[in-house]
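Hi,

Here's the structure I promised to pass on. Have a look at it first, and my notes follow underneath.

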Amino acid sequence: MKIPKLTIGSITSDIPIIQGGMGVKVSLSLLSAAVAKEGGIGTIASVGLGDIEASKNEYERVSREALEQEIQKAKSLTDGHIAVNIMGVLSNADDLVRAAVRGGIKIIAFGAGLPLKLPALVEDNSVNLLPIISSGRAAELILRCWDRRFRRTADGLILEGPLAGGHLGFSFEQLSHPEKYSLNDLLPEILDVVKPYEDKYGSKIPVIVAGGIFDGNDIARMLSLGASGVQMATRFVCTDECDVAQEFKEEYLKARKEDIVIIKSPVGMPGRAIRNQFLKSLENQGKLKINCPYRCLRTCNVNEAKYCIALALVNACVGDVVNGLIFSGQNAYRINKIITVKELISELLAEIEASDLT
Ligand SMILES: Cc1cc2nc3c(=O)[nH]c(=O)nc-3n(C[C@H](O)[C@H](O)[C@H](O)COP(=O)(O)O)c2cc1C
């Protein structure tokens with residue numbers, strides 16, 4: 001298969017690969033810039049930046065300034081395409097959107113919540129908006145709302161299937177039968193949803209698929225089914241440039257298939273993670289002590305939450321895997337080495353080119 005470019009609104013990347021945003025502090029300036037340098041789109045995850053523990057009641061300012069720094073750092077490393085990922089469940093989501101736009105970011109990927117008012121926050125038309133959805137229903141809701149309220153449509157959609165890492169847009173019941181919600185089945189549904197809006201606005205709405213995409217064959221298969229590109233996260237964890245601590249990457253290398261589990265996150269959504277020492281201790285203890293001065297999540301009920309997810313993710317990213325929650329996609333167990341971003345992307349591109357699919 002010939003490797004297609006990926007056009008999202010006013011942006012065209014040389015290769016159809018987006019590195020998915022990974023919080024907390026897993027995908028920052030180094031990883032995103034390395035991917036952008038190779039012709040892909042690198043994404044900085046905006047969740048939990050800065051020194052959360054030190055920020056106390058200045059959480060919003062500290063978080064915003066840290067995002068601004070990551071954006072500037074990434075831009076100093078590459079002229080390639082850098083996106084920012086923002087999660088709707090964050091109490092400071094609006095502030096982060098504005099900071100990304102001020103920082104000159106041209107792609108905002110918005111997940112974990114419906115971005116119904118996102119266009120109102122982003123008046124600059126040169127900023128491309130990419131909602132992350134997991135169902136035709138969510139896609140339809142967003143596109144209909146943006147059409148009616150803002151007379152605009154999305155610049156693309158990221159369809160995240162049930163094999164993805166981190167928080168998932170599926171119920172526990174749905175996740176017990178992931179085969180019923182495969183990307184193969186969901187993609188045609190989403191392509192049908194976007195069609196009338198493409199016709200109305202006279203522009204293509206690329207659908208980018210995510211969740212369990214592991215190699216170039218997976219990418220070729222998705223492209224041949226009508227996807228315009230793929231978003232991959234798990235595979236980028238085990239690269240030299242990934243911003244997270246070495247111990248985190250080693251948890252991926254050690255993980256067996258049965259270690260990758262679905263958890264109930266304090267965010268209020270299911271998530272996928274590696275059942276490491278932290279999750280095992282939590283199973284035994286039931287609940288850990290929480291001291292929360294930040295209220296970083298709109299949806300977290302501090303009195304009922306079993307642990308502070310922000311703290312658990314910060315612990316993980318600095319390498320304290322005993323006290324840290326390690327998010328991963330379903331295919332993390334298939335990774336057996338840490339390579340450079342250049343090596344990973346070259347491998348993926350060679351596999352796409354070798355595919356017979358068209
Ligand atoms: C460690 C990790 C952290 C993640 N954090 C975020 C996040 O902060 N925001 C988000 O929208 N998605 C997040 N995701 C989801 C990814 O961006 C991506 O869409 C998904 O994992 C793709 O599936 P794959 O990991 O199988 O390639 C995370 C995934 C992982 C593995």
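Keep in mind that this is a predicted model. I'll begin with the sheet. Strand 9 and strand 13 (residues 270-274) run antiparallel and are joined by two bridges. If you want to find that pairing on screen, go to His 167, whose bridge partner in strand 13 is Gly 271.

On to the other pairing: strand 12 also runs antiparallel to strand 13, with five bridges between them. Val 261 is the residue to click on here, as it sits opposite Ala 273 of strand 13. Strands 12 and 13 make a hairpin with five residues in between, and Gly 268 in the turn has a positive phi of about 100 degrees.

Put together, that gives an open, antiparallel sheet of three strands in the order 9-13-12. Strand 9 (166-167) and strand 12 (260-264) are at the edges with a single partner strand each, so each has one side without a neighbour in the sheet.

Now the nonpolar part. The largest nonpolar core has 120 residues, and the members touching the most others are Ile 108, Leu 130, Leu 157, Leu 159, Val 209 and Val 230. Helix 13 (residues 309-317) is the top contributor to this core, giving eight residues. Both domain 1 (6-243 + 337-354) and domain 2 (247-317) supply at least three residues to the core.

For a closer look, try Ile 108: leaving aside neighbours within four places in sequence, its contacts are Ala 83, Val 84, Ile 86, Val 97, Ala 100, Val 122, Val 127, Leu 129 and Leu 130.

Cheers

Terms used. Residues are numbered from 1 along each chain as its sequence is written. This is a predicted model: local features need pLDDT of at least 70, side-chain atom pairs count only at pLDDT 80 or more; totals for chains, interfaces and linings use all residues. Two strands pair if DSSP finds at least two bridges between them. Helices (H or I, at least four residues) and strands (E, at least two) are DSSP runs, numbered from the N terminus. A nonpolar core is a set of buried Ala, Val, Leu, Ile, Met, Phe, Trp, Tyr and Cys residues joined through C-beta atoms within 7 Å. A residue is buried if 20 or more other C-beta atoms lie within 10 Å of its own, exposed if 12 or fewer, and partly exposed in between; C-beta atoms are placed from the backbone. Domain bounds come from an automatic or database domain assignment. Two residues are in contact if their C-beta atoms, placed from the backbone, lie within 7 Å.
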